[in-house]
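Visitor: Could you take me through one part of this protein up close? I'd like to see how that part sits in the whole thing.

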Amino acid sequence: MIIGNRDFDTANNCYIMGILNVTPDSFSDGGKFSSLDAALFHAEEMIKEGADIIDIGGESTRPGHQVITSDEEIARVVPVIEAVKSRFDIPVSIDTYKGDVTEAALQAGADLVNDIWGFKHDFRVAELTAEYGAACCLMHNRDEAVYEDFQKDFLTDMEECVALARKAGVPDDKIILDPGVGFGKTYELNLEIINHLEILNTLGFPVLLGTSRKSVIGNTLDLPTDQRVEGTLVTTVMGVMKGCSFVRVHDVKENLRAVKMTKAILSR
């Protein structure tokens, strides 16, 4: 899979997507990297620790988050995308579900569109992804966690996302799927999808797992966001064992070590 100027061997490796939130209200690190200098410093830090992609987000998507205008989101992310692309040789992802933000980010040099609604919120996001030849990560999501048969309905939802991508002209080799841990699911369903990630492999696309510091970990261990590294590492190891090609994380160094150790064991 080509993302930016890099070829990712998704069949054999698991890559690290480092999270760079340039938001004042992100659930885990809100406000810490909202200035350009702080964002660049953190991007450089994650790259040194082994990040393969930098995922830049300008609007928090945590439960109960404050929705902001596209203009405000663009003002947050575009300078950071341009600065990261000009200073570092690394693919950049834009974490958004809005067409206007997607267009501005792709013009600024973003290589991948990471859409928490899997192209279902704004079809223009899919069209722009195809137009710019970008890769995409399509996440599972629902307004309400109501299912007749969770795993069956989940796969149907994901197939709908893929159909939208194809309709827009996004080639299959540019598509990544994300099970959407923490979105449109109860606590129990979040645990279930992590435990049954392999069902997503049946669709034939690389899988990205994003569980870093999320509430499913906090609720299980009764820990605040800044103490969820070990819980995150467990999910990363399970993700690698179940064939994930990417993990989206805050703590790059620790998760990369967990990936390498898991891969070494699985290779024997």
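Guide: The protein exposes about 11,500 Å² of surface, and carbon and sulfur atoms supply 49% of that area. Keep in mind that this is a predicted model. Of its 268 residues, 55% count as buried. A compact globule with 268 residues would have a radius of gyration near 18 Å, and the protein's 17 Å agrees with that. Its C-alpha atoms fill a box of roughly 40 × 40 × 40 Å along the principal axes. Look at the contacts between residues at least 6 apart in sequence: 68% of them join residues at least 24 apart.

Now for the close look. The protein has ten helices and ten strands, and our pick is helix 9, residues 229–241. How far apart should its ends be? At 1.5 Å a residue, its 13 residues should span 18 Å, and the end C-alpha atoms are indeed 18 Å apart, so the two agree.

Which of its residues are tucked away? Gly231, Thr232, Thr235, Thr236, Gly239 and Val240 are buried. Here's a handy rule for reading that list: an α-helix has 3.6 residues a turn, so residues three or four places apart point the same way.

And what do those buried residues of helix 9 touch? They pack against helix 6 (187–195), helix 8 (215–221) and helix 10 (252–266), plus two strands, strand 9 (208–209) and strand 10 (246–249). Follow the chain just past the end of helix 9 and you'll meet Gly243, which takes a positive phi of about 95°.

Notes
Residues numbered from 1 in each chain as written. Predicted model: local features only at pLDDT ≥ 70, side-chain atom pairs only at ≥ 80, totals over all residues. Heavy atoms only, no water. Helix = DSSP H or I, 4+ residues; strand = E, 2+ residues; numbered from the N terminus. Expected span 1.5 Å × (residues − 1). Buried < 20%, exposed > 50% of the residue type's maximum accessible area, 1.4 Å probe, protein only. Contact = heavy atoms within 4.5 Å. Rg over C-alpha atoms; globule rule 2.2 N^0.38 Å. Areas by Shrake-Rupley, 256 points an atom, 1.4 Å probe, with all protein chains shown as cover.
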